Structure formats: structure tokens, C-alpha cells
Amino acid sequence: MDPHFALDSPLPSFAQRLAMMDNILPPDDFVRLVGEVEDLVETERSYLPAHKKGGTVAYETLERQAPNLVELYRSSELCSLVSDVVRLKVEATPLHDQSSCSVLFYEKPGDHIGWHYDHNFYRGRHFTVLVPMVNRGREPNGLSQARLMARQNGRDQIIPTPPNSMIVFEGARVRHKVTPIGEGERRVIWSMTFCADPRNSALQGVARRVKDTAFFGFRALWT
Ligand SMILES: O=C(O)CCC(=O)C(=O)O
Ligand SMILES: [Fe+2]
């Protein structure tokens with residue numbers, strides 16, 4: 001598969017450290033990637049029947065089971081697109097960082113993530129890129145009631161997350177949360193990180209591993 005990101009509108013502003021774009025992949029490529037993600041979630045579920053409160057599929061699993069997703073994460077094309085959006089040359093973060101490329105799924109009523117920043121364990125500025133793969137529910141527009149919200153300067157903003165959109169933000173500087181999903185709804189998010197300088201100090205490395213354990217081992221953010 002050789003998907004191509006296509007911006008169907010001018011490059012959005014990044015003045016507020018947050019940007020959203022629609023229809024980021026050609027529909028056929030997007031459908032194929034969603035298929036890859038759905039198979040993966042099925043596999044994870046059968047191995048981990050205790051997955052009750054939402055969950056994450058880590059980078060290592062993705063490498064084995066969703067190769068197209070990982071290839072796209074590491075593609076120069078995505079890297080240039082994100083660099084253009086944030087007006088800074090960025091690169092994919094290292095393989096051993098579980099946050100680099102992961103899939104988050106919200107599928108039980110109440111699955112949510114509380115207010116948080118995405119910690120930056122690197123020297124350079126650090127950006128989170130989300131591509132909603134599935135977002136289905138009972139809202140009038142067909143989406144789930146789970147909402148990505150960002151708080152800046154005391155103001156809360158709802159960030160729409162329809163499938164095949166892309167949200168780029170500086171997660172270490174923009175506080176954000178996801179409100180609980182409703183009964184019978186489903187939301188699956190492909191989450192990635194990029195960094196202007198992905199070197200880190202030994203101390204930052206330790207801090208990162210602690211964070212990975214919290215998020216992926218015990219799912220501390222899923223309260
Ligand atoms: O599910 C979302 O919309 C946000 C997930 C999130 O906070 C993250 O990936 O850092
Ligand atoms: Fe986050």
C-alpha cells in the first residue's frame with residue numbers, strides 16, 4: 001500500500017499550537033487502514049479479555065500486526081506534512097517510545113481520558129498527531145458523544161474528530177481530555193508523536209519509561 005496524504009484545503013494556522021484537517025487520506029486508502037486497525041483490535045481483545053476500560057495497542061504490537069500503519073507513521077510524506085503544519089522540521093520519535101505510534105480505543109460506555117498534557121521527554125518541541133479511524137455513535141451527525149477538548153487561556157474548545165481527519169497539537173503545552181463515550185458507541189484513534197529533536201538525556205529516558213508503564217501497563221490515564 002502506498003497511501004498519499006492529501007490536504008484538500010490550505011495549510012491551517014498553528015498559532016494556537018493546534019490544527020485540524022479533514023479528509024487526510026484518499027477514501028480507499030483510509031478504508032484499508034481502518035481494516036488493518038479493526039483486525040488488530042479484534043486480536044488484542046481475544047488475547048486480553050480484561051480490556052474493559054478502553055485501551056491502547058502499543059507500537060511493538062502495531063509493528064507486527066499493522067505494518068501499513070507503522071510504515072505510514074515513518075514515511076517522509078507524513079513527516080513533511082506534520083513539519084509543514086507546525087512550521088518546524090520534525091521527525092518521528094524512536095521505536096522504543098510506546099507513545100510514538102499507538103491505537104487508542106474507546107468502546108465501553110464511560111471510556112474516556114481525563115485532563116492531561118502529553119509529556120515531552122525529548123530536547124525538541126514535541127507534537128501529537130491524531131487520526132480518528134472510527135467514530136460512530138448516536139449524535140445527530142453519526143459520531144460518538146466522546147469529545148476531544150482542549151483548554152487554552154482558560155477557554156475550553158471542542159475539537160471535532162470525524163474519521164479520516166487529522167489533529168496536530170503541541171500536547172505538552174495544550175491541556176486536553178476526551179469526554180466519556182456512550183452506550184453502543186465506538187471511537188478508535190491512531191495516535192502518533194513527532195519531535196523537533198528526539199534526542200533525550202538519560203534522566204529524560206528514565207522518565208519516559210515510567211510514563212510508558214503508567215499509560216500502557218496500568219492505563220493510569222483511563223480513570
Ligand atoms: O483520543 C483522543 O482524541 C486523544 C488521545 C490523547 O490524548 C493522546 O493520544 O495523547
Ligand atoms: Fe493526550
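This report describes the surroundings of ligand 1 and of the iron ion (ligand 2) in a predicted model.

Local features are given at pLDDT of at least 70 and side-chain atom pairs at pLDDT 80 or more, while totals for chains, interfaces and linings use all residues. Residues are numbered from 1 along each chain as its sequence is written, chains are lettered from A and ligands numbered from 1 in the order in which they are written, and side-chain values use heavy atoms, without hydrogens and water.

The iron ion (ligand 2) is coordinated by His116 (NE2), Asp118 (OD) and His176 (NE2) at 2.1 to 2.2 Å, donors being N, O and S atoms within 2.8 Å of the metal (3.2 Å for Na, K and Ca), with water not among the atoms, so that sites may look incomplete. Along the chain these donors follow the spacing H-x1-D-x57-H. Aspartate 118 has a relative accessible area of 14% and is buried, as is histidine 176 at 5%, where buried means under 20% with a 1.4 Å probe and protein chains only.

The side chains of these residues also approach oxygen atoms of ligand 1, as polar contacts (pairs of N or O atoms within 3.5 Å):

| Residue | Distance to an oxygen atom of ligand 1 |
|---|---|
| Histidine 116 | 3.1 Å |
| Aspartate 118 | 3.0 Å |
| Histidine 176 | 3.1 Å |

The protein covers 95% of the 290 Å² of accessible area that ligand 1 has on its own, by the Shrake-Rupley method with a 1.4 Å probe. Among the residues around ligand 1 (a heavy atom within 4 Å) are Leu104, Tyr106, Arg187 and Ser191.

How values were computed
Polar contact = N/O pair within 3.5 Å; in protein donor to acceptor, adjacent residues only side chain to side chain. Buried < 20%, exposed > 50% of the residue type's maximum accessible area, 1.4 Å probe, protein only.
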